[in-house]
Amino acid sequence: MKRLLWFLGIILLPFSIFADDAVTWSYKLVGDNTDTPRLEITADIKPGFHLYSIDNPAGGSNPLVFYFDTKGCKVDGTPTANKPYHKEYDDIFEVDQHMYDGKVTFTQKLIPTEKHYTVELEIKGQACDDFGCTQVYGSHKFEGNAPLAALAKDEKKNEVTVPGTGDDSKEKPEKESLHEEAEILAHVTDSLQAAEPWMTPVPNTTGISAHHNWWENVEAEMMVFSDDPHQQSRSLWYIFIAGFVGGLIALVTPCVWPMIPMTVSFFLKQNKSRKKSISSAAIYGLSIIVIYVALGIIVTVLFGASALNELATSAGFNIAFFILLVIFAISFMGGFELTLPASWTNKMDSKVDSTSGYVSIFFMAFTLALVSFSCTGPIIGTLLVEAAATSNFVSPAVGMGGFALALALPFSIFAMFPTMLKAVPKSGGWMNTIKVVLGFLELALALKFLSVADLAYGWRVLDREVFVALWIVIFALLGFYLLGKLTFPHDDKVEKVGIFRFCLALISLSFAVYMLPGLWGAPLKSISAFTPPLSTQDFNLFEGEVTAQVDDYEEGLMLGKELHKPVLLDFSGYGCVNCRKMEAAVWTNPDVKKLLDEDFVLVTLMVDDKAPLPEPVKVTEKDGTVRTLRTYGDKWSYLQRSKFGSNAQPFYVVVNDEGKPLTGSYGYKEDVPAYLKFLTQGIENFKKQK
């Protein structure tokens, strides 16, 4: 328990240390101009951090991965370390983690096949300390030469026995294999040229497509069409409002609510003038905002916007978030208390006593953040996870701004109007009830993160009917709890159920009943953002679902040319909440469904699809960064960035069979008339071109 809290402390605490340069890499080519060259890759691990081994067990932290792109040579075996790793059992992941500390050198042997050879190396991994983890990256290019004797030896070793001169049993499988490959290649080439005579091989400018026009940037061409300039601002407003609501919830928890009258009374008694009291309370509230906004900024700086998007779709991190939220739920239900080391609180108290003026007030606000962690930590953690999933660079800071504003307002308002304190409800058992209700909600939300990992990797463990069934049970139990039929530690005995509590129980039980038809395929539009898509449901009686004809960009353009239809590109994601909302609220509209089914080739491209590409592809980003695309999700994400200049989902654009836009883009907006207008514009412009 304690280990996971420290493991994820980097996300939850504004005072987490930065993990910059957790590992420093150095590279060396040994044995150049010999027939046994080798690469030495040394990891200098920062004190306190540890690096996970290549064979770290499945279910644990991210292992170290080496990618080698060779020309004129080939790798011999796998990298070997110069010292053994040490094992440490992780009671959260329930595996023995394999870890390195200090300095470790990995050696990779090479076999030259040409006189001059090159090796491009890319390293990915994870380094952790007691406060959190950071992604580790490294890259280097090696160049070397091999003696002629080594090449002759290699050629002799690879000689194939000629049929008729000896035993040809070893040659036959290779011959058959080459023949089969030739037949497959000829079949694919003939099929493509027969279906698309215009698609002839051209220089591969992108490294991805045989037709260079398909991947050309079209941002300038899209400027002439109407677009939605408020998409990003709406997304940020959503994060801000979610943060503000989270702050209001945190206010009525047992860790924060009693602090309000105590702190306001302190300001009123310490300052003789009411004006000074109001000023102190305002500074106190502003300090709270600064502290929590700083937390959001730290999260962004540590991970970066693109890393946050990758983090949001990573199975490892989504499973970690699932475990985290389950632990939060157990904590809220009274299983244990999340507390920070007492020394931290004592240190802040000493800072308050040893300073004066505004600095002292700031440390008082910091003390509040520490003392209230057991209640606010789960809310903050959940909010930051949701903000990270938007892949917007400023979302974490905006979310924390909303949270802190809601948390800070009462202290300033009650200092201005102290008589209002008399109307504030006293602390009591009702506050523990709020914590338990939050525990149920955290448990329900946890399933969403497990679902993202399940969908991205195609495990099919948490299909839609399983997800809905679990939510039915959770909200039914919540209803019984509110009626006093179920109790947890620290709960007061329920003598009678009040009207407000009864209404909440009624809502929860009604919601559970509402979800029952979902077991047979009902759309359940109100929760479509959280549930897996209908396509994962084994028993589905619903006939209004819209599904894509293809899930490949090039195949979609070719199908569009063959059917003489415009192509609707749907950039989506398994972990995209707003994508599910659009599919349930807009695509199921009869008019929209008819257009999508009859007048378009619908191509859905999942940017978090973890299926590997046939072979990795190197591409150059706009900023000159060379990146390797390894999965189909990488490929579609790169297409969206490089061609359309966008990295948010959902993202819709209508193109012709040459990849040219027929409309502007359409983002998340649950507006059926607006979406119909968007589709109609694409159809009209397509007809004009023809």
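Two strands count as paired here if DSSP finds at least two bridges between them. Keep that in mind for the views below, and remember that this is a predicted model.

**View 1. Strands S12, S11 and S15 make an open sheet with mixed pairing.** Three strands are involved, in the order S12-S11-S15. At the edges sit strand S12 (601–606) and strand S15 (651–655), each of them pairing on one side only. From neighbour to neighbour, the strands of this sheet are turned by 20 degrees on average, direction ignored. Look next at strand S11 (residues 567–572): six bridges join S11 to S12, and these two strands run parallel. For a landmark on that seam, find Leu-569, which stands opposite Val-603 in S12. In general, side chains in a regular strand alternate between the two faces of the sheet.

**View 2. Helix H18 packs on the S12-S11-S15 sheet.** What does helix H18 (residues 553–563) touch? The answer is S11, S12 and S15, and the direction of H18 makes about 180 degrees with that of S12. Follow the chain into the loop between H18 and S11, and you'll find His-564 there. His-564 has a positive phi of about 60 degrees, although His-564 is not a glycine. As a rule, most residues other than glycine have a negative phi.

**View 3. Strands S1, S2, S8 and S5 build an open antiparallel sheet.** Four strands line up here in the order S1-S2-S8-S5. Strand S1 (23–30) and strand S5 (73–81) are the edge strands, each with pairing on one side only. Going from one strand to the next, the twist averages 20 degrees. Eight bridges hook S1 to S2, running antiparallel, and one spot to look for is Tyr-27, whose bridge partner in S2 is Ile-41. Moving along, seven bridges join strand S2 (residues 38–45) to strand S8 (residues 103–112), again running antiparallel. On that seam, Thr-42 has Thr-105 in S8 as its bridge partner, while Arg-38 is partnered by Lys-109 in S8.

**View 4. Asn-33 lies in the loop between S1 and S2.** What's the phi of Asn-33? Phi of Asn-33 is near 65 degrees, a positive value in a residue other than glycine.

**View 5. Helices H20 and H22 pass each other in a left-handed crossing.** When two helices pack, the pair is described by the angle between their axes and the distance between the axes. For helix H20 (residues 590–599) and helix H22 (residues 672–689), the axes come within 10 Å and cross at roughly 25 degrees. Angles under 35 degrees count as roughly parallel, so H20 is roughly parallel to H22. Which residues of H20 make the contact? They are Asp-591, Val-592, Leu-595, Leu-596 and Asp-599. Across from them, H22 brings in Val-672, Tyr-675, Leu-676, Leu-679, Thr-680 and Ile-683. Sort the residues of this contact by type and you get eight nonpolar, one polar and two charged.

**View 6. Helices H16 and H17 pack with their axes 8 Å apart.** Helix H16 (residues 464–482) and helix H17 (residues 499–515) meet at an angle of about 160 degrees. Angles over 145 degrees count as roughly antiparallel, so that is the label for H16 and H17. Is their crossing left-handed or right-handed? The crossing of H16 and H17 is left-handed. On the H16 side, the residues in contact include Val-468, Trp-471, Ile-472, Phe-475 and Phe-480. Among their counterparts in H17 are Arg-501, Leu-504, Ser-508, Phe-511 and Met-515. The residues of the H16 and H17 contact split into 15 nonpolar, two polar and one charged.

**View 7. Lys-618 and Glu-120 meet in a salt bridge.** How many salt bridges does the model have? The count comes to eight. In the one shown here, the side chains of Lys-618 and Glu-120 come together at 3.7 Å, N to O. This pair links distant parts of the chain: Lys-618 belongs to strand S13 (residues 612–620) and Glu-120 to strand S9 (residues 116–128), with the two positions 498 residues apart.

Conventions
Residues are numbered from 1 along each chain as its sequence is written. This is a predicted model: local features need pLDDT of at least 70, side-chain atom pairs count only at pLDDT 80 or more; totals for chains, interfaces and linings use all residues. Side-chain values use heavy atoms; hydrogens and water are left out. Axes are lines fitted to C-alpha atoms, for helices over the stretch in contact, and angles run from 0 to 180 degrees between N-to-C directions. Contact means heavy atoms within 4.5 Å. Angles under 35 degrees count as roughly parallel, over 145 as roughly antiparallel, 65 to 115 as roughly perpendicular and the rest as oblique. A crossing is left-handed if the near helix is turned anticlockwise from the far one by less than a right angle, and right-handed if clockwise. Ala, Val, Leu, Ile, Met, Phe, Trp, Tyr, Cys and Pro count as nonpolar, Asp, Glu, Lys and Arg as charged, and the others, Gly among them, as polar. A salt bridge is a side-chain nitrogen of Lys or Arg within 4 Å of a carboxyl oxygen of Asp or Glu.
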